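Colleague: I am new to this structure and should be grateful for a close look at a single part of it. Could you please take me through the salt bridges with some care?

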Amino acid sequence: MTCRDTLSLLDDFIDDELSPQQAAQVRDHLAACEECRAEYGAMARVKSLLGQSSVPEPPEEYWSEVSAIIQARTVDSVPLIRERVAEEKSGSAQMLMRSAVVFAASAVLLVTTLLISHKRGDQSQSANRQAPVYMSSHLTEQMNHPLSDYLSKQDQDRIAGGTLVIGAPSMVGRYSSLAGISLTY
Amino acid sequence: MADSASVNRWTPPHRNDERSIPELVEGFVNDDASAFTELVKRFQRNIYYLAYRILGNHLDADEVVQETFVRIYRRRKEIENVASFTSFLMRIATNFAIDLLRKRKGHGGLNEELDSLSGETQTELSRRVRTPSEMLDDKVTMQEIRKAMDKLAPRQQITILLHDVEGRSKAEVAAIMECTEATVRSNLHIARAKLKQILTKRLSV
């Protein structure tokens, strides 16, 4: 066996993956050739060093902690498919029921408010005349402070005194008075 | 506290008194949360050791462990079509570690930042139970090997880590790396030759 043949088989020789016959031929060559022996020695030493390299072991509690984090990021936060389908089914039924109740309550409230408002309008015309005066001065104030996101003291008093504001909570401060949808009862 | 004297080689994570890996995998695919939890316990160490060897520090190894399991959880329906769960899992871990390695190299390397930390802080991050002389020998050898490894292309680096460090077969490495055994042999040969060249100078190999 030549040096070239031997060197081409060195990897497999080191990994113990040659046939017994080939391994014997490589061994014979290495015994006779100092240069190839040195090459083999260096490669075997590198493999041995790599095999010995250890990883610093983290503290034992790390393994339970990382398991818990993975659990929280997977099973706990995203239900497995079967559970999710069941959850979605029951969730959509509940949401439908909730929407129906909210719609019915809103309708009753609106009709009652309109009826009361209509009745008061008949009884006291002077009270109705005062409202536009308040609204116009309030509008002027809002226009002078267009970026104000918060309710004015007057708004708060008005709501506490019985103003029903229709709209999403985030819209209350910015739009309730300007939109003119506040109802006094 | 655990002893770090062991070489942290790859060991099949299965004991006779517990559910086998195929049983756990089947449970996991069929939405059994306890099977997933058990798989995490069985494989987390192997992924951590591999990731630590690739990236060289606890924080990155921890990130690889977490991300690997989060990703396999999301891709659990694909497992039915893979030949080997272990190879699939290790492939996810390896690919994520390679991505992280490329990012780290692009940003100067987290290893260098960690190397500059005080010994006390390093100990807090990953406590080792070694005698001072063993720690010094280990540190020098590991640092030199890590520096030499950094000179390799990522795929050569992973190939030699999986084969020579973790002791996996060429067939296993090929399955994890999604390549042929011939490619594994080729990468292994190039990586060993480069490492020999570098380490011969540094460690009088």
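Modeller: Please bear in mind that this is a predicted model. A suitable place to begin is the salt bridge that A:D15 forms with A:K47, in which the closest N and O atoms are 2.9 Å apart. This pair links distant parts of the chain, for A:D15 lies in the loop between α1 and α2 (20-32) of chain A, whereas A:K47 belongs to helix α3 (residues 34-52) of chain A, 32 residues apart. A:D15 has a relative accessible area of 12% and is therefore buried, the limit for that class being under 20%. A:K47, with a relative accessible area of 21%, is partly exposed. As a general matter, side chains of opposite charge can pair when their charged atoms come close.

The pair also has a wider setting. A:D15 and A:K47 are part of a network of salt bridges that also links A:D11, A:D12, A:E17, B:D164, B:K170, B:R185 and B:R192. Within this group, the side chains of B:R185 and A:D12 meet in a salt bridge with an N to O distance of 2.6 Å. B:R185 lies in helix α10 (residues 181-203) of chain B and A:D12 in helix α1 (residues 3-14) of chain A, so this pair joins two chains. B:R185 counts as partly exposed, at 33% relative accessibility, while A:D12, at 17%, counts as buried.

Another member of the network, B:K170, leads to a contact between helices. B:K170, B:V173, B:I176 and B:M177 in α9(B) meet B:R155, B:I158, B:T159, B:L162 and B:H163 in α8(B). The residues of this contact divide into 5 nonpolar, 2 polar and 2 charged. Helix α8 (residues 154-165) and helix α9 (residues 170-177), both of chain B, pack at an angle of about 140°, and their axes are 10 Å apart. The two helices are therefore oblique to each other, and α8(B) passes α9(B) in a right-handed crossing.

One further salt bridge deserves mention: the side chains of A:E57 and B:R45 meet at 3.4 Å, N to O. Here A:E57 lies in the loop between α3 and α4 (61-73) of chain A and B:R45 in helix α2 (residues 33-55) of chain B, so the pair joins two chains. A:E57 counts as buried, at 3% relative accessibility, and B:R45 counts as partly exposed, at 27%. Over all chains, the structure holds 21 salt bridges, among them the pairs A:D15 with A:K47, B:R185 with A:D12 and A:E57 with B:R45.

How values were computed: Residues numbered from 1 in each chain as written. Chains lettered and ligands numbered in written order. Predicted model: local features only at pLDDT ≥ 70, side-chain atom pairs only at ≥ 80, totals over all residues. Heavy atoms only, no water. Axes fitted to C-alpha atoms, helices over the stretch in contact; angles between N-to-C directions. Helix = DSSP H or I, 4+ residues; strand = E, 2+ residues; numbered from the N terminus. Parallel < 35°, antiparallel > 145°, perpendicular 65-115°, else oblique. Left-handed = near helix turned anticlockwise from the far one by under 90°. Contact = heavy atoms within 4.5 Å. Nonpolar A, V, L, I, M, F, W, Y, C, P; charged D, E, K, R; others polar. Salt bridge = Lys/Arg side-chain N within 4 Å of Asp/Glu carboxyl O. Buried < 20%, exposed > 50% of the residue type's maximum accessible area, 1.4 Å probe, protein only.
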